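Student: Hey, can we go through this structure together? I'm new to it.
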Amino acid sequence: MWLKRISILNYKNIEQTELSFSHKLNCIIGKNGMGKTNLMDAVYYLSFCKSATNPVDSQNILHDRDFFVVQGFYATDAIEPMEIYCGLKRRQKKQFKRNKKEYPKLSEHIGVVPLVMVSPADSILISGGSEERRKFMDVVISQFDREYLDALIRYNKAMLQRNTLLKSDVEPEDELMNVWEELMATEGETVYRKRRKFIDEFIGVFQSYYSFISQDSETVSLAYESHASKGNLLTAMRESRQRDRIMGYSLKGIHKDDLIMKLGGFPIKREGSQGQNKTFLIALKLAQFEFLKRTGSHNTPLVLLDDIFDKLDAHRVEQIVKLVSGDSFGQIFITDTNRDHLDKILRKINGDYKIYEVDNGVITERK
């Protein structure tokens, strides 16, 4: 699948633009703060119904404007063309349409346009808390498994109800607590089972990519931790109920799951250099691409590489370029502040490409 054309109106600092893209490689250059990432974010929005950088939709509207519109026109691996429309007016509900038909629920769009984005913000996967690593698993699995997404949504709604009861000034009724705990346990077991299966299959792909980029300089590993792996979830929640009541929230459940990331047998958060951390993150995202390509909607995912070459030595950059320029990858978007970096990449690629320059939200195609 590839994005043939995009139309943007009042999105972040992009007032108005319409661009046609290469089916293979699209290079976006410009100084920091000019809007390169905003263009990438508009492409991301069309896949996930939200911004990768700002979850508050109204804040993505250009200053002093009342709305934004982003439209994408795609060619799919199944040959059928597809148009995705997103529009938001201040103080109104967001509209999301596929081929002019509005979605009843935004979750129905997830996975229709598979996409993998690598950006500096990904460093939080290593430096941040477990929530960020759960979110990584959720983003991948939700794009190819609708049952997973539905179970996760139901689990979170049940947990919200349980937490509300835990915070109550009066002692909650056992019967009501039982209802929400049973729902959390049922949906949580589904989420756990699917996360476990995903990670078991994902680890080898991830390690293979890391090994290729680092040229076998280091060894890395991933391990999945969950309360569900230690026993029955319902029992764990009920045994923790009194403590949860004191704390005012649920201490046990799949909302506490984590991915343990190691370099050479030690936590990468503590041991990894900037280059090793970045290699780890890129390998994670390239493995995500591979996984979605194998198991997803049978559409090759788009790949967005936002400022990924900073902190990497020339050998690792060259290995990444070899990977993404190969036949197994489809449409790619790369941003950089340095035209020389991109020219070096382009000299290694025989396929089709386009170059765009971004200056204060104005995007111009260059030769």
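Student: Which helix does Ala-158 lie in?
Tutor: Ala-158 belongs to helix α4, which covers residues 146-167. Keep in mind that this is a predicted model.

Student: Okay, and is Ala-158 buried or exposed?
Tutor: Buried: its relative accessible area is 1%, and the cut-off for buried is under 20%.

Student: What is Ala-158 in contact with, leaving aside its neighbours within four places in sequence?
Tutor: Trp-180, Leu-183 and Met-184.

Student: How far is Ala-158 from Glu-189?
Tutor: Their C-alpha atoms are separated by 14 Å, and the two residues are 31 apart along the chain.

Student: New topic, helices. At what angle do α5 and α10 pack?
Tutor: About 130°, with 8 Å between the axes. Here α5 is residues 174-214 and α10 is residues 314-324.

Student: And why are they called oblique to each other?
Tutor: Because an angle of about 130° falls outside the ranges for roughly parallel, roughly perpendicular and roughly antiparallel, the last of which starts over 145 degrees, α5 and α10 count as oblique.

Student: Which residues meet there?
Tutor: From α5 you have Tyr-209, Tyr-210, Phe-212, Ile-213 and Ser-214, and from α10 Arg-316, Gln-319, Ile-320, Lys-322 and Leu-323.

Student: How do the residues of that contact divide into nonpolar, polar and charged?
Tutor: Six are nonpolar, two are polar and two are charged.

Student: Let's do rings. How many aromatic pairs does the count come to?
Tutor: The count is 15 aromatic pairs. One of them is Phe-21 with Tyr-356, with ring centres 5.6 Å apart and planes at 80°.

Student: Why is that pair edge-to-face?
Tutor: Because the planes are at 80°, and over 60 degrees counts as edge-to-face.

Student: Where do those two sit in the chain?
Tutor: Phe-21 is in the loop between β2 (14-20) and β3 (25-29), while Tyr-356 is in strand β14, residues 353-359. They are 335 residues apart, so the pair links distant parts of the chain.

Student: Buried or exposed, those two?
Tutor: Phe-21 is buried at 4% relative accessibility, and Tyr-356 is buried too, at 0%.

Student: What about Phe-198 and Phe-291, how are their rings arranged?
Tutor: That pair is edge-to-face, with 4.9 Å from centre to centre and 90° between the planes. Phe-198 is in helix α5 and Phe-291 is in helix α9 (residues 274-295), 93 residues apart. Phe-198 and Phe-291 are both buried.

Student: Which residues do ring pairs link into a cluster?
Tutor: Phe-136, Phe-144, Phe-198, Phe-202 and Phe-291.

Student: Which charged residues sit over rings?
Tutor: Arg-5 lies over the face of Phe-73, 3.9 Å from the ring centre. The charged end of Lys-97 is over the ring of Tyr-85, at 5.3 Å from its centre.

Student: Last thing, backbone angles. What is phi of Lys-311?
Tutor: About 75°, which is positive although Lys-311 is not a glycine. Lys-311 is in the loop between β12 (302-306) and α10, and at 44% relative accessibility Lys-311 is partly exposed.

Student: And what about phi of Asn-360?
Tutor: Phi of Asn-360 is near 55°, again a positive value in a residue other than glycine. Asn-360 is in the loop between β14 and β15 (362-366).

Student: Is Asn-360 buried or exposed?
Tutor: Exposed, because its relative accessible area is 55% and exposed means over 50%.

Note on methods. Residues numbered from 1 in each chain as written. Predicted model: local features only at pLDDT ≥ 70, side-chain atom pairs only at ≥ 80, totals over all residues. Heavy atoms only, no water. Helix = DSSP H or I, 4+ residues; strand = E, 2+ residues; numbered from the N terminus. Buried < 20%, exposed > 50% of the residue type's maximum accessible area, 1.4 Å probe, protein only. Contact = heavy atoms within 4.5 Å. Axes fitted to C-alpha atoms, helices over the stretch in contact; angles between N-to-C directions. Parallel < 35°, antiparallel > 145°, perpendicular 65-115°, else oblique. Nonpolar A, V, L, I, M, F, W, Y, C, P; charged D, E, K, R; others polar. Phe/Tyr/Trp six-rings, centres within 6.5 Å; stacked < 30°, edge-to-face > 60°. Lys NZ or Arg CZ within 6 Å of the ring centre and 35° of its normal.
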